[in-house]
Amino acid sequence: MQDKILDGKGVSAKIKEELAEEIKELQKKNVTPGLAVVLVGEDPASQVYVNMKEKTCNALGIVSRKHVLPEDVSEEKLLSMVDDLNNDPEIDGILVQLPLPGHIDENKVLDRIKVEKDVDGFHPESIGRVVLAQDGFRAATPAGIIELLKRSNVTLEGKEAVVLGRSNIVGKPVALLLLNENATVTVAHSRTKDIAEVTRRADILVVAVGRKEMVTADMVKQGAVVVDVGIHRVEDGLKGDVAFEEVKEKASAITPVPGGVGPMTIAMLMSNTVKSARKRAI
Ligand SMILES: Nc1nc2c(c(=O)[nH]1)N[C@@H](CN(C=O)c1ccc(C(=O)N[C@@H](CCC(=O)O)C(=O)O)cc1)CN2
């Protein structure tokens, strides 16, 4: 039986401890993992996330290279930076922080990252590898959700899983990962006719809609496991896509915001970077 609160902060700390040990071993073989993070513009939330990534790299012994480009940088210049990083032998992972400004074609930029360095797991080939259940980089938030559930002893096989939201970076990939774990998966979204009727079927409900406290207790089955991917800044802190206080009374387990899925995202990014660096040690 797992704890009611799924402790992403605690689980991510354990993963980072494991990674720090592995990094020490890699360093003995003269391999220091390197992560390049590219930030375009000054979006305050993106700045927070990029700084968190840099801090975590420093704590674990991963070389972190942060590149900040102005909001009005041309697509061409950004692509040329990606090309340079693709060719840099000390860089194992490249991450372009999302969202990008409107004048830049996000897909074009993500497609340009070498699949071998795609630690964000957003390249079409990385997504294709998830579809085919082949080895490759898994996007950090979806992978973090699966890892958190597994390490919290939540059984996925045979469970009715509902993913609310169909974004390319969370909804679609987490649905595929749940399918690969032999869950029965339904994806609900803004055009779904009766969302509550679908979410109430879920043994495992993953919510990634980007609407503050949209999921209320009446939308959740008694005993469901609820994973909240949303992050909304309010006056007195952070809220998720789930109305935590009322839903926790009904759920058998639930992720908090903060301290749930968010920290797992950073831990899985670090894990992908180490996975990439491992190839240099062979
Ligand atoms: N290139 C990418 N861009 C974005 C991704 C991504 O995986 N790759 N995901 C999100 C943002 N994100 C990482 O970039 C991210 C979000 C939240 C957290 C986190 O630890 N949140 C804390 C709260 C921190 C705070 O805001 O004060 C928590 O939930 O406890 C980490 C990473 C969009 N862009």
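The following legends describe close-up views of a predicted model.

**View 1. The open sheet of five parallel strands.** The strands of this open sheet follow the order β5-β4-β6-β7-β10, and their pairing is parallel. β5 (184–188) and β10 form the edges, since each pairs on one side only. Between strand β6 (residues 204–207) and β7, four bridges are found, in the parallel sense. Strand β10 (residues 253–254) is joined to β7 by two bridges, also in the parallel sense.

**View 2. Strand β7 and its partners.** Strand β7 spans residues 225–228, and both of its faces are covered. Val 225 and Val 227 lie on one side, Val 226 and Asp 228 lie on the other, and all of these residues are buried. Towards β6, Val 227 is the bridge partner of Val 206. Towards β10, Val 225 stands opposite Ala 253.

**View 3. The ligand in its pocket.** The ligand occupies the largest pocket of the model. Its surroundings comprise 18 residues, of which Lys 53, Val 96, Asp 120, Arg 233 and Gly 259 come nearest. At least two residues of the shell are supplied by each of α2 (44–60), β3 (93–96) and α10 (261–278). Helix α10 gives the largest share of this shell, with four residues.

**View 4. Polar atoms around the ligand.** Which distance separates an oxygen atom of the ligand from an N or O atom in the side chain of Lys 53? The distance is 2.6 Å. For Gln 97, a polar side-chain atom lies 3.0 Å from an oxygen atom of the ligand. Gly 259 takes part through its backbone, where a polar atom is 2.7 Å from a ligand oxygen atom. Of the 680 Å² of accessible area that the ligand has on its own, the protein covers 85%.

**View 5. Two cis peptide bonds before proline.** Leu 98 and Pro 99 are joined by a cis peptide bond, with omega about 5°. Pro 99 belongs to the loop between β3 and α4 (106–112). A cis bond also leads from Val 257 to Pro 258, and here omega is near 0°. Pro 258 is placed in the loop between β10 and α10.

**View 6. Positive phi at Asn 30 and Ala 133.** Asn 30 is not a glycine, yet its phi is positive, near 65°. This residue is found in the loop between α1 (8–28) and β1 (34–40). Is Asn 30 buried or exposed? Asn 30 has a relative accessible area of 72%, and a residue counts as exposed when this value is over 50%; Asn 30 is therefore exposed. Ala 133, likewise a residue other than glycine, has a positive phi of about 55°. Its place is the loop between α5 (124–131) and α6 (140–151).

**View 7. Glu 76 on helix α3.** Glu 76 is part of helix α3 (residues 75–86). Because its relative accessibility is 65%, Glu 76 counts as exposed. In sequence, 28 residues separate Glu 76 from Ile 104. In space, the C-alpha atoms of Glu 76 and Ile 104 are 9.1 Å apart.

**View 8. Asp 92 and its contact with Arg 280.** Asp 92 is located in the loop between α3 and β3. Is Asp 92 buried or exposed? The relative accessibility of Asp 92 is 4%, and the limit for a buried residue is under 20%; Asp 92 therefore counts as buried. The side chain of Asp 92 makes a polar contact of 2.7 Å with the side chain of Arg 280.

Terms used
Residues are numbered from 1 along each chain as its sequence is written. This is a predicted model: local features need pLDDT of at least 70, side-chain atom pairs count only at pLDDT 80 or more; totals for chains, interfaces and linings use all residues. Side-chain values use heavy atoms; hydrogens and water are left out. Buried means under 20% relative accessible area, exposed over 50%, partly exposed in between (1.4 Å probe, protein chains only). Two strands pair if DSSP finds at least two bridges between them. A residue is near a molecule or strand if one of its heavy atoms lies within 4 Å of it. A polar contact is a pair of N or O atoms within 3.5 Å; within protein, one must be able to donate a hydrogen and the other to accept it, and residues adjacent in sequence count only if both atoms are side-chain atoms. Accessible areas come from the Shrake-Rupley method with a 1.4 Å probe; for residues, only the protein chains shown count as cover. On a 1 Å grid over the protein atoms alone, a cavity is a set of points where a 1.4 Å probe fits but cannot get out, and a pocket is an open set with protein on both sides within 12 Å along at least five of seven lines; lining residues have an atom within 4 Å of a point. A molecule sits in a cavity or pocket if more than half of its atoms lie within 2 Å of its grid points.
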